Amino acid sequence: MTVTTRPRTRIFSGIKPTGHLTLGNYLGAMRRWVEEDQLKADALFCVVDLHALTVEHDPARVRRLSRQAATLLLAAGLDPERCTVFLQSHVDEHTRLSYLLECTATDGEMRRMIQYKEKSARERADSGSVRLSLLTYPVLMAADILAYGTDEVPVGDDQAQHVELTRDLALRFNQRYGRTFAVPKAVHPVVAARVMDLQDPRSKMGKSHASTSGIVYLLDEPEIVRKKIMRAVTDSGDDVVLDREARPGVANLLDVLAACTGARPEDLAGAYRSYGALKKDTAEAVLELLRPVRERHGELCEDPGYVDGVLRAGAERARGLARPTVDAAYAAVGLLSPA
Ligand code: AMP
Ligand code: TRP
């Protein structure tokens, strides 16, 4: 009797080492990678260091942040026995495939990307020019995903448009050259898919925002976390209601508390009579959530050889997985394979 086993779902996601990782990264992406994805699927998680070069950067800082991001992924609970953790620049297949996808995408598609519009405006204002790689960034991201035959891409809401573009490119490539890529879909957390800046609750909590007072970093000292949350901008009025449009500051705190405790934000709204009490409980819940991550990060920093070993083995496995797909794509578009 032949037993046909369905191949395991393939999951891929990535995180940029452009700044210290935040509570938004944790609630929007990393926590799900740890608690669900690595348990249910063949999952790869990548520190996408090449993406950090799309804006002005200091080489020493990128080096430091790449190592820190990888260490934090492990500290948060990614288990190298269950999933693959690696650095993007260690696997050449990403850039190899990216070029073929540049030959699949159009410049109009790139210019329509919301993140490009926002970031290019900021870069132009700050440094007077925009790197070409900022425009082509979503193509490299598509290559990250498509090289692995990925089915699911667990990300925060802000990445939905990039994953949609990745789907379009996969479909277009397959239609032109024959089925080569799996067509992936984005998956987002139910609560806290977009954690907002505590000082500017209409903008996303992003790691490279100019002012850091509205951003909770995973490695902030507990006292700092408490202070940032207690000083969060709330809205006029003093009753706690969930209204994302009119009361974005309070809604953000309710979402964060809900994500930490597993309660529903609408139920929590009814349970509080003052902003002060809501902030206090949110601060304590966030601290409780981050405490084990901080502790484990401290331990892993004592053993950099271990982290290096994980990244080396991860890159080796990733290379082996990506190679056949990327080779097949090269052959499909008409490039001769080296004899
Ligand atoms: P990045 O920091 O842009 O590399 O993002 C890494 C992952 O974290 C992506 O899946 C993002 O969607 C997610 N993420 C980043 N910031 C936030 C946020 N403020 N809220 C929710 N998810 C976020
Ligand atoms: N662009 C993503 C972000 O800014 C990071 C990223 C790069 C990514 N490649 C990826 C996410 C592949 C998921 C899959 O957050």
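**A shared core and two covered ligands**

In this predicted model, the largest nonpolar core is made of 61 residues, and Tyr26, Leu27, Met30, Val216 and Val286 have the most contacts inside it. A nonpolar core here is a set of buried Ala, Val, Leu, Ile, Met, Phe, Trp, Tyr and Cys residues joined through side-chain atoms within 4.5 Å, with buried meaning under 20% relative accessible area (1.4 Å probe, protein chains only). Helix H11 (residues 275–301) chips in the most, giving ten residues to this core. Helices are DSSP runs (H or I) of at least four residues and strands are E runs of at least two, numbered from the N terminus. Because domain 1 (10–193 + 304–332) and domain 2 (222–298) both give residues to this core, it lies between them. The domain bounds come from an automatic or database assignment.

Now for ligand 1. It has 18 residues around it, and Lys16, Gly156, Asp158, Val195 and Lys207 come nearest; a residue counts as near if one of its heavy atoms lies within 4 Å. As for polar contacts (pairs of N or O atoms within 3.5 Å), a polar side-chain atom of Lys207 sits 2.4 Å from an oxygen atom of ligand 1. The side chain of Asn25 has an N or O atom 2.9 Å from a ligand 1 oxygen, while Val195 uses a backbone N or O atom, 2.8 Å from a nitrogen atom of ligand 1. On its own, ligand 1 has 480 Å² of accessible area, and the protein covers 95% of it (Shrake-Rupley method, 1.4 Å probe). Strand E1 (10–15) and helix H1 (23–40) are the elements giving two or more residues to this shell, and H1 has the largest share, with four.

Ligand 2 has 14 residues around it, with Lys16, Tyr137, Met141, Asp144 and Gln159 coming nearest. An N or O atom in the Lys16 side chain is 2.7 Å from an oxygen atom of ligand 2. Side-chain N or O atoms also lie close to ligand 2 nitrogens, at 2.8 Å for Tyr137 and at 3.1 Å for Gln159. The protein buries 93% of the 360 Å² that ligand 2 exposes when taken alone. E1 and helix H6 (132–146) each give two or more residues to this shell, and H6 gives the most, with four.

Residues are numbered from 1 along each chain as its sequence is written, while chains are lettered from A and ligands numbered from 1 in the order written. Local features need pLDDT of at least 70 and side-chain atom pairs pLDDT 80 or more, whereas totals for chains, interfaces and linings use all residues; side-chain values use heavy atoms, leaving out hydrogens and water.

Methods
A polar contact is a pair of N or O atoms within 3.5 Å; within protein, one must be able to donate a hydrogen and the other to accept it, and residues adjacent in sequence count only if both atoms are side-chain atoms. Buried means under 20% relative accessible area, exposed over 50%, partly exposed in between (1.4 Å probe, protein chains only).
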